[in-house]
Amino acid sequence: MSAPVLESRRTTLGRLTGFVLLLASVSLGLCVFSAFPWTGSDPGAAVVRVAFKHVGAFEEAATLRSQADIDKLPRHMRPTNQERARTGRRVDTHLTVSVDGRVLLDRHYRPGGLRHDGPTFGYEELAVPPGRRLVEVTLADRQAEGAPPGSGRRWQLKDEVDIARGRALLVEFSEDSGLSVR
């Protein structure tokens, strides 16, 4: 009689024991690490989070394209309205955050994109002592070259808030409503 063509698919007792030991050690490791969780920030501190997406003004006054220039573009590249037909580098955005009169953040953000023509994104987390705090946030466009002084866009928020221990206060920006607290 000849040898069987198919091999036996039964696992050996050694392989089964090894698998059970591996499974038990991974489960034990997960149990140990879950007993001592990782904390990203001090659990006794309060956090102020600032998040924004902002489309800054153009750095230079751009000329609008004529209808003849727009007609030369391929159909899929034609702007839907004249306001979107402008292109160019956008100005930097300046963010300042003060808590109880002390400046915690004073930072400039560059617009996204290869030519710096896209929106500016920002996210910051600031640890503060818990309690009632006066939070002042200013988001402003950098002054464009050749523009009259004080013509840059600027949004301000000044609010007295109560930030509990271990909680986070979110300050977010919207082009429609400006800066708001959640």
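**Figure 1. Overview of the predicted model.** The protein has two helices and eight strands. The model shown is predicted. Along the sequence, the elements follow the pattern α-β-α-β-β-β-β-β-β-β. The protein has 182 residues, and 26% of them count as buried. Its exposed surface is about 13400 Å², of which carbon and sulfur atoms supply 55%. Consider the contacts between residues at least 6 apart in sequence: 63% of these join residues at least 24 apart.

**Figure 2. The antiparallel sheet.** Four strands make up this open sheet, in the order 3-2-5-6, with antiparallel pairing. Strand 3 and strand 6 (154–163) are at the edges and have a single partner strand each, so one side of each is left without a neighbour in the sheet. From one strand to the next, the twist averages 15°. Strand 2 (residues 93–99) pairs with strand 3 over seven bridges, in the antiparallel sense. Within this pairing, threonine 93 has tyrosine 109 of strand 3 as its bridge partner. Strand 2 is also joined to strand 5 (residues 131–141) by seven bridges, and these two strands run antiparallel. Here serine 98 stands opposite glutamate 136 in strand 5. Strand 5 is in turn joined to strand 6 by 10 bridges, again antiparallel. Leucine 139 has tryptophan 155 in strand 6 as its bridge partner.

**Figure 3. The mixed sheet.** This open sheet also has four strands, in the order 4-1-7-8, and its pairing is mixed. Its edge strands are strand 4 and strand 8 (178–181), each of which pairs on one side only. On average, neighbouring strands of this sheet are turned by 15° against each other, direction ignored. Strand 7 (residues 168–174) pairs with strand 8 in the antiparallel sense over four bridges. Serine 174 stands opposite glycine 178 in strand 8.

**Figure 4. The largest nonpolar core.** This core has 22 residues, and Leu95, Val137 and Leu179 touch the most other members. Strand 1 (46–54), strand 2, strand 3, strand 4, strand 5, strand 6 and strand 7 each give two or more residues to this core. What does leucine 179 contact, leaving aside its neighbours within four places in sequence? Its contacts are Val137, Leu139, Trp155, Gln156, Leu157, Val171, Glu172 and Phe173.

**Figure 5. Two aromatic pairs.** A search of the whole structure finds two aromatic pairs. One of them is formed by phenylalanine 52 and tyrosine 109, which meet edge-to-face, at 5.2 Å centre to centre and with 85° between the planes. Phenylalanine 52 is in strand 1 and tyrosine 109 in strand 3, so this pair links distant parts of the chain, 57 residues apart. Phenylalanine 52 is buried, with a relative accessible area of 6%. Tyrosine 109 is also buried, with a relative accessible area of 6%. In the pair of tryptophan 155 and phenylalanine 173, the ring centres are 4.9 Å apart and the planes are at 70°, so this pair is edge-to-face. Tryptophan 155 belongs to strand 6 and phenylalanine 173 to strand 7, so the pair ties together parts that are 18 residues apart in sequence. Tryptophan 155 counts as buried because its relative accessibility is 17%, and the cut-off is under 20%. Phenylalanine 173 is buried too, with a relative accessible area of 9%.

**Figure 6. Two loop residues with positive phi.** Most residues other than glycine have a negative phi. What is the phi of aspartate 100 near? The value is near 55°, which is positive, in a residue other than glycine. Aspartate 100 is found in the loop between strand 2 and strand 3. Its relative accessible area is 42%, so aspartate 100 is partly exposed. Histidine 116 likewise has a positive phi, near 55°. Histidine 116 lies in the loop between strand 3 and strand 4. With a relative accessible area of 22%, histidine 116 is partly exposed.

**Figure 7. Leucine 114 in its loop.** Leucine 114 is placed in the loop between strand 3 (102–109) and strand 4 (120–128). Is leucine 114 buried or exposed? Leucine 114 has a relative accessible area of 84%, so this residue is exposed; the cut-off is over 50%. Leucine 114 and arginine 89 are 25 residues apart in sequence, and their C-alpha atoms are 9.8 Å apart in space.

Key
Residues numbered from 1 in each chain as written. Predicted model: local features only at pLDDT ≥ 70, side-chain atom pairs only at ≥ 80, totals over all residues. Heavy atoms only, no water. Buried < 20%, exposed > 50% of the residue type's maximum accessible area, 1.4 Å probe, protein only. Pairing = 2+ DSSP bridges. Axes fitted to C-alpha atoms, helices over the stretch in contact; angles between N-to-C directions. Core = buried A, V, L, I, M, F, W, Y, C linked by side-chain atoms within 4.5 Å. Contact = heavy atoms within 4.5 Å. Areas by Shrake-Rupley, 256 points an atom, 1.4 Å probe, with all protein chains shown as cover. Phe/Tyr/Trp six-rings, centres within 6.5 Å; stacked < 30°, edge-to-face > 60°.
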